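Work through the exercises below with the sequence and the 3D view at hand. Each task is followed by a solution in steps.

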Amino acid sequence: MDSELLADKVVLITGASSGIGTAAARVFSGEGATVVLTGRREDRLAALVSELQDRKAEASYVVGDVSVAADAGRAVDLAVARYGRLDGAFNNAGIGGDRTPLHLMTDDVYDTIMDVNVRGVWNCLRHEIAAMLPRGGGAIVNNSSVAGLVAIPAAAPYIASKHAVVGLTRAAADEYAARGIRVNAVAPGTTRSEITVDWFARNPGLEQMVNSLTPQGRTAEPEEIAEAAAWLLSDRCPFLTGTVLPVDGGFANH
Ligand code: NDP
């Protein structure tokens, strides 16, 4: 077996312009993957692609919004046109939204979170699966959250969106298992990224509170989530589909 987890695989990563997605670009590419990166901030994507190319990796980016179906389609199309196929996808793009009690949350916040976190995964899944079917298979990992498994305080639309990502993961895994496509999800616990830096800045004491509820007592680094996604995308777990893997220091085990 090749020593690199993702040797010769073409893998799409959404939300690669920061946080877990940027870490995934570095980890997947370090494991031999050709990566196609998406997000809305072109400056970040361009800088990351040049960083990876400096390390002799093959990488491209497509600027786009996952909540727009045509944008999701363009990223998949570029992977197929430039590299001949799509072997894997990490549907990672997502937003956190305000931490507000449910009865005070606005419809706008609900709609925006659902559009990005649920419709975004929906749009990507449809295009990715359509590109993988003619080649007889592939692997997809959706980024849910521990909030896709249990409730966390004052984040109802986010919790609903991440439970929906679990539902889409299970549905797609069930529907395409016999056609060679594995679909799994990671459910990260609190991870250092722009979402959490923002949440912690606006909610003093939140980081300490979350860490106190995490058996390992700390926040994850983005690379820890990326490593789990890399394994799920690899050929090392061929019988694994429809699962949601908590990467959470034990948080959801309570
Ligand atoms: P970041 O805010 O650092 O990264 C989010 C990424 O998503 C960015 O690259 C952003 O790129 C992209 N993104 C957001 N909205 C859109 C959009 N409409 N279209 C395309 N890309 C978009 O946070 P994280 O790295 O933490 O988040 C990554 C994923 O991890 C999310 O799905 C999040 O819910 C999940 N997660 C995070 C946890 C944490 O504690 N950090 C815990 C559990 C899950 P750009 O702005 O350039 O478009």
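**Exercise 1. Is Arg192 buried or exposed, and which residues does Arg192 contact?**

Step 1. Arg192 is partly exposed, because its relative accessible area is 38% (buried means under 20%, exposed over 50%, and partly exposed in between, with a 1.4 Å probe and protein chains only).

Step 2. The residue lies in the loop between β6 and α6 (194-202). Helices (H or I, at least four residues) and strands (E, at least two) are DSSP runs, numbered from the N terminus.

Step 3. Leaving aside neighbours within four places in sequence, Arg192 is in contact (heavy atoms within 4.5 Å) with Glu207, Thr219, Ala220, Glu221 and Pro222. The C-alpha atoms of Arg192 and Glu221 are separated by 5.5 Å, although these residues are 29 residues apart along the chain.

A note on the model: it is predicted, local features need pLDDT of at least 70, side-chain atom pairs count only at pLDDT 80 or more, and totals for chains, interfaces and linings use all residues. Residues are numbered from 1 along each chain as its sequence is written, and side-chain values use heavy atoms, with hydrogens and water left out.

**Exercise 2. Give the strand order of the open sheet.**

Step 1. The seven strands run in the order β3-β2-β1-β4-β5-β6-β7, with parallel pairing (two strands pair if DSSP finds at least two bridges between them).

Step 2. β3 (59-63) and β7 (244-247) are the edge strands, each pairing on one side only.

Step 3. From one strand to the next, the twist averages 20°. Axes are lines fitted to C-alpha atoms, for helices over the stretch in contact, and angles run from 0 to 180 degrees between N-to-C directions.

Step 4. Inside the sheet, β5 (residues 138-143) and β6 (residues 181-188) pair in the parallel sense over six bridges. Asn142 stands opposite Ala185 in β6.

**Exercise 3. Describe how α4 and α5 cross.**

Step 1. The axes of α4 (residues 107-132) and α5 (residues 156-176) come within 9 Å and cross at roughly 15°.

Step 2. The two helices are therefore roughly parallel to each other (angles under 35 degrees count as roughly parallel, over 145 as roughly antiparallel, 65 to 115 as roughly perpendicular and the rest as oblique).

Step 3. Residues making the contact include Trp122 and Leu125 of α4 and Val165 and Leu168 of α5.

**Exercise 4. Place Asn143.**

Step 1. Asn143 is in strand β5.

Step 2. Asn143 is buried, with a relative accessible area of 5%.
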